[in-house]
Amino acid sequence: MKKAFTVIMAAAMAAPAAAQDGTLFHEDFDAGMPASFTTLDRDETPITVSSYKGVQVSPSWTASEISSAGNQAAFSFSRSTIDFAQENWLITPAIELPAGSEPVLRWAAKSVAESFPEDYKVMVSAAGADPSAFTELLTVSGERYFWTDHALSLADYAGQTVNIAFVCTSQNKFILAIDDIYVGEPEGYNFAAVSSSSHFAGMEATAPVSGTLRNTGRTAEITQVDCEAASGVLSQTQAVTLAPGETLDYNFDMPIENHSVNRYSIKLHFADGTESTVLTDSVISSYYPRTLVLDEGTGNWCNACPGMMPYIAKAKERMGSDVIVISSHHNDPLACNDYSSQRGIGFIFQGSLPVFTYNRHDSYDYKNYDVYHTDGFLERAMLDSTYASITATAEQQGNEVAIKANVQFANDYDNANGWYTVGFALVDNAYEQGDIPQNNNCTSLSAAEYMYMPVAIPGDMMVYRDVPIEGSTAFLGIDGALPAEIKAGQDYEVEYRMTLPEDRLFGNDELTVVGFVFQKRSYELLNATAVPLTYDPQAVGIGSVAAGSGATISRSADGSVAVAVADGSASGVARVYSLDGRLLRQAAVKGGAATVDCSGLKGCYVVKVAAAGSEAVAKVVL
């Protein structure tokens, strides 16, 4: 299978693989599962067939279409109502490795569903295809969502005939995909490159350039790493030998031209005198480093909305911390009305869902024509100049979040009308309570995992990411936050206290405060920042688990909280608190037991039991 990727700007790009004249074995599964392969279901854990659509489910491995029409990969399914690990074996036919050779095993793998990272082992046997004869080469815990090229040396097995096995060991996940299995002795070098540096810089003399190179070809003796740019060549002397699968980090402080797209390449020099460009990328300089905001309009009732999620995942993968995603739900249990009903977001989201825009531009140059919004919009937003910056800190204090922000502008502005302002939103990073299903009629390969998920995706298979839960100032701004006369280069401090919503469904206890500086008339964002906010019961005086308390706290089948104290005659009290420390429910402990009525509560709560002279605390999801 040939995997296709969309390149955004000068995104990271590995050097093309060398000709594989030394190929001993190669399988891409495009013609289906070869008869020469052995597939085994050694766990016999039943697969929940109702968790899949548009694919032939197998208890072990099968070949299925993925990524684009005609391209297939080997699939191992792992969704089950029984919470046991799979042991699904995919075994190659026998492969003869010539004596004196340095063969390499390469393959591509991915977890088909972003929310379910798959586990597997890579095994080798020089004594036939019986599972008992295999030795483990590698364990992968949580394979990446995007195709990842792997490589391992088989030089220790030169002169022998081997079988290679891929063993899926996932426990109640979704689909593991394996493709492009290759065994041979590559004649050239090949590297997979991942950039870890920002795409954006302010008006600085230099910008950091960093990343990781993984050898997916022959063993390489590297003597030098270069960063080549218009400003010149930076070099780092190396003296390292990388075997297949091993990695090398690089770090440069690259001179940049302000208000320009600074393109660069990473080049490797090898001991044999050859060289190879393994990555190209760019740093965009403006007045300040840019942080993009991607606003999505979605709903759990929307049949087409799951098809947008893989595109958003790609944007986050490629942009890293350079992008903030906010997925605003409409008319569903996760809707945040004070965020989604305001004029700005209402204008952006007019028409059908799904839809999104970068930086809330009030211009059709940045709004969707093609629903999935894939034609040049990210590139256009990246090239916008940034005339302002914002940084912030956030701290939970009881049922409020205390926010302090620092704002600066590159130019003077007359702000007598209050158009330039600051606002904030509170975002739930991942709502994964498992109680909200998602409609889904995705049937195209571009929808990735959602092509294979049921028409009504069960709540326990859905993770709703980047959901706003408070945003009353996100578009309207804070009155008087910035002065009537804004001076370039001056720091403006903004303080704001956000009240945590009482009736909001909180997912887990990891939230993010997002700060915006924007031009209120057009709602265009000038810049943004994100500050992680972690809820801690200790911080709000709820206490901690007392050693030897002897109390058991659990959620009962009807959604109440059940308490049992080891001392069957103990009396006391059981209290249920919100994560911000508010007392919501309580019940008396009598005869060593209590049941706290939690009707109407949904989310994560803290239960504190005081009985028998000691205390116990536990988090409970209702």
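# Rings, charges and sulfurs

Let us start inside the fold: phenylalanine 191 has a relative accessible area of 2%, so this residue is buried. Please keep in mind along the way that the model is predicted. Phenylalanine 270 counts as buried too, because its relative accessibility is 4%.

What do these two residues have to do with each other? A pair of aromatic rings is described by the distance of the centres and the angle of the planes. There are 18 aromatic pairs in the structure. In the one formed by phenylalanine 191 and phenylalanine 270, the ring centres are 6.2 Å apart and the planes meet at 25 degrees, so the pair is stacked. Since phenylalanine 191 belongs to strand β13 (residues 191-195) and phenylalanine 270 to strand β19 (residues 261-270), the contact ties together parts of the chain that are 79 residues apart in sequence.

A second pair has another geometry: the ring centres of tyrosine 339 and phenylalanine 475 lie 5.1 Å apart with their planes at 70 degrees, so this one is edge-to-face. Here, too, distant parts of the chain are linked: tyrosine 339 is in helix α2 (residues 337-340), while phenylalanine 475 is in the loop between β30 (464-470) and β31 (485-486), 136 residues apart. Both residues are buried. Elsewhere, Tyr52, Phe75, Phe77, Phe174 and Tyr452 are linked into a cluster by ring pairs.

Stay with phenylalanine 475 for a moment. Which residue lies over its face? Arginine 360 does, at 3.8 Å from the ring centre. The charged end of arginine 360 also sits over the ring of phenylalanine 516, 4.2 Å from the centre of that ring. Arginine 360 has a charged partner as well: a salt bridge joins this residue to aspartate 295, with the closest N and O atoms 2.9 Å apart. That bridge links distant parts of the chain, from aspartate 295 in strand β21 (residues 292-298) to arginine 360 in the loop between β23 (355-358) and α4 (377-382), 65 residues apart. Are the two partners buried or exposed? Aspartate 295, at 0% relative accessibility, counts as buried, and so does arginine 360, at 1%.

Side chains of opposite charge can pair when their charged atoms come close. Eleven salt bridges are found in the whole structure. In one of them, lysine 173 meets aspartate 119 at 3.7 Å, N to O. Lysine 173 is in the loop between β11 (161-168) and β12 (175-184), and aspartate 119 is in strand β8 (residues 119-125), 54 residues apart. Lysine 173 is buried at 18%, whereas aspartate 119 is partly exposed at 21%. Strand β19 comes back in another bridge: lysine 267 pairs with glutamate 228, the closest N and O atoms being 3.1 Å apart. Lysine 267 lies in strand β19 and glutamate 228 in strand β16 (residues 220-229), 39 residues apart. These two residues also take part in a network of salt bridges made up of Glu228, Lys267 and Glu275.

Finally, the sulfurs. The structure holds one disulfide, which joins cysteine 302 to cysteine 305 with an S to S distance of 2.4 Å. Its torsion about the S-S bond is about 85 degrees, so the disulfide is right-handed. Cysteine 302 is buried at 4% relative accessibility, and cysteine 305 is buried at 0%. Why does cysteine 442 not bond to cysteine 302? The sulfur of cysteine 302 is the closest cysteine sulfur to that of cysteine 442, but at 8.5 Å it is too far for a bond.

Conventions:
Residues numbered from 1 in each chain as written. Predicted model: local features only at pLDDT ≥ 70, side-chain atom pairs only at ≥ 80, totals over all residues. Heavy atoms only, no water. Phe/Tyr/Trp six-rings, centres within 6.5 Å; stacked < 30°, edge-to-face > 60°. Helix = DSSP H or I, 4+ residues; strand = E, 2+ residues; numbered from the N terminus. Buried < 20%, exposed > 50% of the residue type's maximum accessible area, 1.4 Å probe, protein only. Lys NZ or Arg CZ within 6 Å of the ring centre and 35° of its normal. Disulfide = S-S within 2.5 Å. Salt bridge = Lys/Arg side-chain N within 4 Å of Asp/Glu carboxyl O.
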